[in-house]
Amino acid sequence: MSTGGRAPRRNQRGARMKGRSARHHYGTESAKEWDENVHEESRRVWSAANSRWEVNTYDWFIHKNTTVSEKKPICLYYHTECLASQRMLDSVTCTIVKCPDPNDNGAPLFVDDGEVLPVANLEVPLSRIPVKSLKKRQSEDGQEWLIVDFTLKITRTSPKFHYDLICGTKSYKRVSADFV
């Protein structure tokens with residue numbers, strides 16, 4: 001029986017497979033509030049929008065050797081800001097990265113630690129989200145910021161991943177992915 005180059009979805013005994021074991025860690029970069037008890041001072045950067053120090057870290061949503069299910073989507077929560085006086089951001093790019101972790105030391109926390117390779121760039125079309133649905137906040141310097149909270153829902157359908165943009169309770173359809 002030919003499977004057209006795709007792996008069969010059943011094992012030799014005919015039982016349905018529940019998922020696949022991840023060969024790498026998979027994640028994205030994100031900014032978090034800097035914590036002097038956790039993060040080195042040299043890694044902090046000032047966020048004018050949030051009026052605080054932040055640090056760039058990785059968020060790993062799939063860990064090496066864990067089972068990745070086709071039935072359970074992975075949701076990644078994002079937060080970004082743009083000045084209300086400027087046009088709304090048309091899009092943001094989220095880069096999915098992987099870490100092979102050959103010695104099983106665990107995935108790195110910081111963006112410049114360890115061997116991390118890009119997998120795909122996701123172009124997230126924020127222009128689909130109506131500006132009137134966004135929250136606004138004023139920073140300490142008096143500037144008004146638009147707050148964009150959104151979710152990327154990742155669904156694995158062997159052998160592909162599908163990415164959907166969700167803001168609030170509304171889905172704004174597929175997100176394009178360019179694999180590196």
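Read along the sequence, the protein chain shows the succession β-β-β-β-β-β-β-β-β-β-β-β-β. In total, the secondary structure of this predicted model amounts to 13 strands and 0 helices.

The chain as a whole was then examined for contacts and accessibility. Of the contacts in the protein chain with a separation of 6 or more, 67% are accounted for by residues 24 or more positions apart. Buried residues constitute 37% of the 180 residues in the chain. The area exposed by the protein chain is about 11700 Å², and 48% of this area is supplied by carbon and sulfur atoms.

Two residues were considered for their backbone angles. Asparagine 65 is situated in the loop that lies between strand E4 (52-62) and strand E5 (67-68). Although asparagine 65 is not a glycine, its phi is positive, at about 70°.

A positive phi is also found at aspartate 101, with a value of about 50°; this residue, too, is not a glycine. Aspartate 101 belongs to the loop between strand E7 (92-99) and strand E8 (117-124). The relative accessible area of aspartate 101 is 7%. Because this value falls under the 20% limit that defines a buried residue, aspartate 101 is classed as buried.

In sequence order, then, asparagine 65 is placed in the loop between strands E4 and E5, while aspartate 101 is placed in the loop between strands E7 and E8.

Note on methods: Residues are numbered from 1 along each chain as its sequence is written. This is a predicted model: local features need pLDDT of at least 70, side-chain atom pairs count only at pLDDT 80 or more; totals for chains, interfaces and linings use all residues. Side-chain values use heavy atoms; hydrogens and water are left out. Helices (H or I, at least four residues) and strands (E, at least two) are DSSP runs, numbered from the N terminus. Buried means under 20% relative accessible area, exposed over 50%, partly exposed in between (1.4 Å probe, protein chains only). Contact means heavy atoms within 4.5 Å. Accessible areas come from the Shrake-Rupley method with a 1.4 Å probe; for residues, only the protein chains shown count as cover.
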